[in-house]
Amino acid sequence: MDNRITILEFLRVFDCIRSSGKQLDSKYQLGDMVAWHDYDGYTCWLNYRDVTVTLMFHGSLKIEYDKASNYEDFINRCLAMLETEPSP
């Protein structure tokens, strides 16, 4: 896992997209980033281009991507979102 961002911070990014983004069916979109969750909320996903982060119950995390440059862009966007959102 990238040590620049924690699971809790990924959840904050998810919440930012969900609360500030536009709802499209069962997904939320804020700019190029998309967030959605399963029916009970135990699993959440973040997506940007070919990057998908899966946040699972009990703090498990899975990050998948094809291009490292897209992953870098994704992390930078997440960090920028966290800077503008107030901490809980």
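This note goes through the sheet, the helices and the salt bridges of the structure above.

1. Basis. This is a predicted model, in which local features need pLDDT of at least 70 and side-chain atom pairs count only at pLDDT 80 or more, while totals for chains, interfaces and linings use all residues. Residues are numbered from 1 along each chain as its sequence is written, and side-chain values use heavy atoms, without hydrogens or water.

2. The sheet. There are 6 strands in an open sheet, ordered 1-2-3-4-5-6. Their pairing is antiparallel. Strands (E, at least two residues) and helices (H or I, at least four) are DSSP runs, numbered from the N terminus. Two strands pair if DSSP finds at least two bridges between them. Strand 1 (22-24) and strand 6 (60-64) are the edge strands; each pairs on one side only. From one strand to the next, the twist averages 20°. Angles run from 0 to 180 degrees between N-to-C directions, with axes fitted as lines to C-alpha atoms, for helices over the stretch in contact.

3. Strands 2 and 3. Strand 2 (residues 27-30) and strand 3 (residues 33-37) run antiparallel, joined by 4 bridges. L30 has M33, in strand 3, as its bridge partner.

4. The helices. Helix 1 (residues 7-20) lies across strand 1, strand 2, strand 3, strand 4 (44-48), strand 5 (51-56) and strand 6. Its direction is at about 100° to strand 3. Helix 2 (residues 68-84) also packs on the sheet, touching strand 2, strand 3, strand 4, strand 5 and strand 6. Helix 2 makes about 115° with the direction of strand 4. Contact means heavy atoms within 4.5 Å.

5. Salt bridges. The whole structure has 5 salt bridges. Each needs a side-chain nitrogen of Lys or Arg within 4 Å of a carboxyl oxygen of Asp or Glu. One of them joins E72 and R4 (3.0 Å, N to O). E72 is in helix 2 and R4 in the segment before helix 1, so this pair ties together parts 68 residues apart in sequence.

6. Within helix 1. D15 and R18 form a salt bridge (2.5 Å, N to O). Both lie in helix 1, 3 residues apart, about one turn of the helix. D15 is partly exposed (between buried, under 20% relative accessible area, and exposed, over 50%; 1.4 Å probe, protein chains only). Its value is 35%.

7. Helix to loop. D73 and R49 form a salt bridge, with their closest N and O atoms 3.4 Å apart. D73 lies in helix 2 and R49 in the loop between strand 4 and strand 5, so the pair ties together parts 24 residues apart in sequence. R49 is partly exposed at 49% relative accessibility.
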